Amino acid sequence: MVNETIEGVIAVDRALEVNFGDGKSIRFEDCWLRDHCRCSSCYHSDTFQRAHHILDIPDATIVSFENDKTKIEVTWSDDHKSEYAAEFLSKFDFKRWKEGRKLKPILWQGAIDDKIPKVPVKEFLTSVEGARRVFQSLLDYGVVLVVGVDASLEATEVVCKALGGVQHTIFGGMWQFTTRADHADTAYTNLPLAVHNDNTYFTEAAGLQILHCLEHKNGAGGETILVDGFYGAQELKKESPEDFKFLTTFNLEAEYIEDGHHHTYSAPVIRVDNETQELVQIRFNVYDRSAMAFRSSVECRSYYRSLRSLAKYYQDPSNQWRFKLKPGTVMIMDNFRVLHGRTGFSGSRVLGGSYVARSDWLDKARALGLIH
Ligand SMILES: C[N+](C)(C)CCCC[C@H](N)C(=O)O
Ligand SMILES: O=C(O)CCC(=O)C(=O)O
Ligand SMILES: [Fe+2]
């Protein structure tokens with residue numbers, strides 16, 4: 001249990017060093033303290049916004065302070081007075097603050113149907129516990145199934161909205177697709193698609209992709225294939241650090257071209273947080289790669305070697321989870337992490353779904369208290 005009471009405060013240089021009941025000690029610089037004054041002229045507590053421009057924060061010094069177990073009162077050289085609650089200050093222990101902001105994905109390999117919840121749609125839409133189950137699984141595994149949904153685009157839309165709202169793209173908001181070539185893309189055929197992330201050519205790739213098989217008649221095939229992109233990246237880092245390094249630093253260009261449209265975006269295939277080294281985004285799509293020029297033969301050869309190394313993990317059947325999507329089950333996956341594909345198929349297969357922006361689904365997860 002975190003003990004947030006203040007046991008003692010000492011002035012050190014221009015800072016206050018605060019000792020808390022649980023033994024931790026945090027040092028607060030005077031510029032930070034003045035910036036974080038929560039009085040009504042420094043902070044709009046109704047909108048949670050600062051009331052001062054950073055250039056208007058007075059460069060005042062601490063003249064005196066008083067404290068009890070619950071707060072510190074500071075008097076400044078310009079006569080301003082500030083009060084800091086112990087509970088507020090205790091949040092800024094750097095290690096705990098940083099750690100609390102980390103997403104903690106559980107990496108997986110192969111079939112994980114025993115781990116992924118199948119949340120009844122009513123539970124998801126009407127209860128906090130149902131919503132928590134859905135978002136927790138997205139945070140943990142990057143996949144979740146919502147079941148008992150009517151096999152219609154309208155019913156699917158209700159689910160997409162509850163996940164954070166529909167992200168509009170050139171493919172539309174809610175889309176429905178089959179083998180009719182409504183867009184210049186292989187998804188709109190019956191050809192097999194090896195596992196990939198969508199939207200590698202957008203500056204804002206979709207956060208979630210939602211797929212609902214509305215029907216599959218008079219045919220076979222069309223199995224869904226999922227693989228954990230983070231697992232492959234982690235293995236690559238262990239087994240071929242050079243390839244991992246290349247894919248985290250080289251800007252690979254991807255493109256989407258159809259009549260009246262030309263999207264292109266250049267970024268690393270594996271994005272890591274440069275401070276914490278956490279995996280942030282996988283941007284892997286072998287089909288949507290642009291034709292590129294290289295600065296040297298070494299770079300060109302590294303490109304092929306490292307992409308193939310990573311592709312081997314993703315194509316390895318023992319890393320993949322395969323299943324047949326059925327009407328009624330809405331599959332939701334994290335497009336920043338999980339790769340999806342399908343086997344070729346025959347017959348009439350109709351899929352409905354949408355994208356959801358990452359910012360929007362993380363907002364829902366945060367509002368449910370699942371992340372910082
Ligand atoms: C999902 N939906 C059928 C609308 C579009 C598919 C986009 C496919 C594109 N090659 C990509 O990977 O981004
Ligand atoms: O047909 C499928 O199951 C998925 C196709 C695909 O990759 C997509 O729509 O993004
Ligand atoms: Fe796709």
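The following exchange takes up the iron site, a ligand, a sheet and a helix of this predicted model.

Reader: What makes His196, Asp198 and His340 protein donors of the iron ion (ligand 3)?

Author: An N, O or S atom counts as a donor when it lies within 2.8 Å of such a metal, and NE2 of His196, OD of Asp198 and NE2 of His340 lie 2.1 to 2.2 Å from the iron ion. These atoms are therefore donors by that cut-off, although water is not among the atoms, so the site may look incomplete.

Reader: How are the donor residues of the iron ion spaced in sequence, and which strands hold the two histidines?

Author: The spacing reads H-x1-D-x141-H. His196 belongs to strand E12 (residues 193–196) and His340 to strand E21 (residues 338–342), so that, at 144 residues apart, the pair links distant parts of the chain. Both His196 and His340 are buried, which means that each has under 20% relative accessible area, calculated on protein chains only.

Reader: How do you know that ligand 2 makes polar contacts with Asp198, Arg342 and Arg349?

Author: The limit for a pair of N or O atoms is 3.5 Å. An oxygen atom of ligand 2 is 2.9 Å from a side-chain N or O atom of Asp198, while the corresponding distances are 2.8 Å for Arg342 and 2.7 Å for Arg349, and each pair therefore qualifies as a polar contact. The residues surrounding ligand 2 also include the iron donors His196 and His340, along with Phe177, Leu193 and Gln209.

Reader: Why are E6 and E8 called edge strands of their sheet?

Author: The open sheet has 3 strands in the order E6-E7-E8, paired in the antiparallel sense. Strand E6 (62–67) and strand E8 (81–85) each have a single partner strand, so one side of each lacks a neighbour in the sheet. Neighbouring strands here are turned by 20° against each other on average, with direction ignored.

Reader: What makes E7 and E8 a pair?

Author: Pairing requires at least two bridges, and strand E7 (residues 71–76) shares 5 bridges with E8, which therefore satisfies the requirement. Within these strands, Ile72 stands opposite Tyr84 in E8.

Reader: Which polar contact lies at the start of helix H7, and what do the buried residues of H7 pack against?

Author: A side-chain oxygen of Asp228 reaches to within 3.0 Å of the backbone nitrogen of Phe230, and this pair therefore falls inside the 3.5 Å limit. The buried residues of H7 (residues 229–239), among them Phe230, Tyr231 and Leu236, pack against elements including helix H8 (241–249), helix H9 (297–315) and strand E21, the strand that holds the iron donor His340.

Definitions and conventions
Residues numbered from 1 in each chain as written. Chains lettered and ligands numbered in written order. Predicted model: local features only at pLDDT ≥ 70, side-chain atom pairs only at ≥ 80, totals over all residues. Heavy atoms only, no water. Donors = N, O, S within 2.8 Å, 3.2 Å for Na, K, Ca; no water. Helix = DSSP H or I, 4+ residues; strand = E, 2+ residues; numbered from the N terminus. Buried < 20%, exposed > 50% of the residue type's maximum accessible area, 1.4 Å probe, protein only. Axes fitted to C-alpha atoms, helices over the stretch in contact; angles between N-to-C directions. Contact = heavy atoms within 4.5 Å. Polar contact = N/O pair within 3.5 Å; in protein donor to acceptor, adjacent residues only side chain to side chain. Near = heavy atom within 4 Å.
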